[in-house]
Amino acid sequence: MNPSRTCLITGANSGIGRITALELAKKGFDIIMLARNLEKARPVRQEIKSVSKTGHVDLVWCDIASQSSVLQAAREITDRYDRLDVLVNNAGLYIEKEQYSPEGIELSFATNHLGPFLLTNMLLNLLRKGTNARIVTVSSEAHRWDGGFKMDELAKPRKYDGMKAYGASKLCNILFSKELADRLADDGITSNCLHPGVVKTNFGQNYSNLQGFVFNLMRPFFISPEKGAETSIYLASSPEVEKVTGLYFAKCKPKTPSAAAQSKYNATQLWALSESLTQLKNRLVVI
């Protein structure tokens, strides 16, 4: 392993993001943590530094739901680094009650898909300069809960349902990851996504509805964040998947996602919608 490989991880201050950062630091990666809560992230940065082979653990503030914040973080990273080898789109939220991002976009969709979409595209030039660069996106088996994929309701649903919104955003992760793999085929950058397993984190803990009750009932059977991070770590670092791209993984093995997640039509339509909602073409010109 080249000791100077650089990996950026969103949501690296807790859960599977933290474990992914810790384990990759042990393997000799320089780590860039992207985190919304710097108070919580600073002690985690020290923890990662203490096990890091290179001692390089950077921390950049970013609220992934806010496009202006994502652009600011991308500029900061572009100023500080001349290349990026791995990007792990890990940050994600389940939102019980309807909320909107600063740009007026439904918050699950804004956080779980549009933020990573914008960040990834803004960092592609750095990834092109990386060695055997990889993009890893954390999705979920919850992508099967989308309840009939309504592209025109992603940004502003007619009737909000937290589970459906979360499922739809996780479906978007797979469609984005696959479309990215196709678009980057000639750049030598791989793009894969994964289901981490049902992980024992704060997900669903404070929710009052039936789903929250069910989650709390099932919590003793959930896997640890250490177990949940295994597939992210594998896709970010294993030589076995160096040339593998465009797949959905679970337990470090390829898995077939839902029919909606395999649809090329859905993938191209979602890309066009995401480009429009993030004004991507104008922003790429600026950077």
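Is T131 buried, partly exposed or exposed, and what is its relative accessible area? In this predicted model, T131 is partly exposed, with a relative accessible area of 40%, a value that falls between the limit of under 20% for buried residues and that of over 50% for exposed ones. The residue is located in the loop that runs between α5 (124-128) and β5. When neighbours within four places in sequence are left aside, the contacts of T131 are with R5 and D85. The pairing with R5 joins positions that are 126 residues apart along the chain, and the C-alpha atoms of T131 and R5 are separated by 7.9 Å.

A contrasting environment is found for S177, a residue of helix α6 (residues 162-183). With a relative accessibility of 1%, S177 counts as buried. Apart from its neighbours within four places in sequence, S177 is in contact with S191, N192 and C193. In the case of N192, the backbone oxygen lies 3.5 Å from a polar atom of the S177 side chain.

Helix α6 also packs against helix α11 (residues 264-278). The axes of α6 and α11 are 9 Å apart and form an angle of about 90 degrees, which means that α6 is roughly perpendicular to α11. On the side of α6, the contact is made by C172, L175, F176, E179, L180, D182 and R183, and these residues meet K264, N266, A267, T268, L270 and W271 of α11. By class, the residues of this contact comprise 7 nonpolar, 2 polar and 4 charged.

Helix α11 is likewise in contact with α4, the two axes coming within 10 Å and crossing at roughly 85 degrees. As this angle lies in the range of 65 to 115 degrees, α4 is roughly perpendicular to α11. From α4, the residues F109, H113, L114, F117, L118 and N121 take part, while α11 supplies L270, W271, L273, S274, E275, L277 and T278. The contact of α4 with α11 contains 8 nonpolar, 4 polar and 1 charged residues. Residues L270 and W271 of α11 therefore appear both in the contact with α6 and in the contact with α4.

A further arrangement is seen for helix α3 (residues 67-80) and helix α4 (residues 107-122), whose axes come within 10 Å and cross at roughly 25 degrees. Because this angle is under 35 degrees, α3 is described as roughly parallel to α4. The crossing of these two helices is right-handed. The contact involves Q67, V70, L71 and A74 of α3, together with L114, G115, L118, L119 and M122 of α4. The residues that form the contact of α3 with α4 divide into 7 nonpolar and 2 polar, with no charged residue among them. Within α4, L114 and L118 contribute to the contact with α3 and also to the contact with α11.

Burial is extensive in helix α9 (residues 230-237), where 7 of the 8 residues are buried, so that the helix is largely enclosed by the rest of the structure. The buried residues of α9 are T231, S232, I233, Y234, L235, A236 and S237. These buried positions pack against the helices α1 (15-26) and α8 (225-228), and against the strands β4 (86-89), β5 (134-138), β6 (190-195) and β7 (248-250).

Terms used. Residues are numbered from 1 along each chain as its sequence is written. This is a predicted model: local features need pLDDT of at least 70, side-chain atom pairs count only at pLDDT 80 or more; totals for chains, interfaces and linings use all residues. Side-chain values use heavy atoms; hydrogens and water are left out. Axes are lines fitted to C-alpha atoms, for helices over the stretch in contact, and angles run from 0 to 180 degrees between N-to-C directions. Helices (H or I, at least four residues) and strands (E, at least two) are DSSP runs, numbered from the N terminus. Angles under 35 degrees count as roughly parallel, over 145 as roughly antiparallel, 65 to 115 as roughly perpendicular and the rest as oblique. A crossing is left-handed if the near helix is turned anticlockwise from the far one by less than a right angle, and right-handed if clockwise. Contact means heavy atoms within 4.5 Å. Ala, Val, Leu, Ile, Met, Phe, Trp, Tyr, Cys and Pro count as nonpolar, Asp, Glu, Lys and Arg as charged, and the others, Gly among them, as polar. Buried means under 20% relative accessible area, exposed over 50%, partly exposed in between (1.4 Å probe, protein chains only). A polar contact is a pair of N or O atoms within 3.5 Å; within protein, one must be able to donate a hydrogen and the other to accept it, and residues adjacent in sequence count only if both atoms are side-chain atoms.
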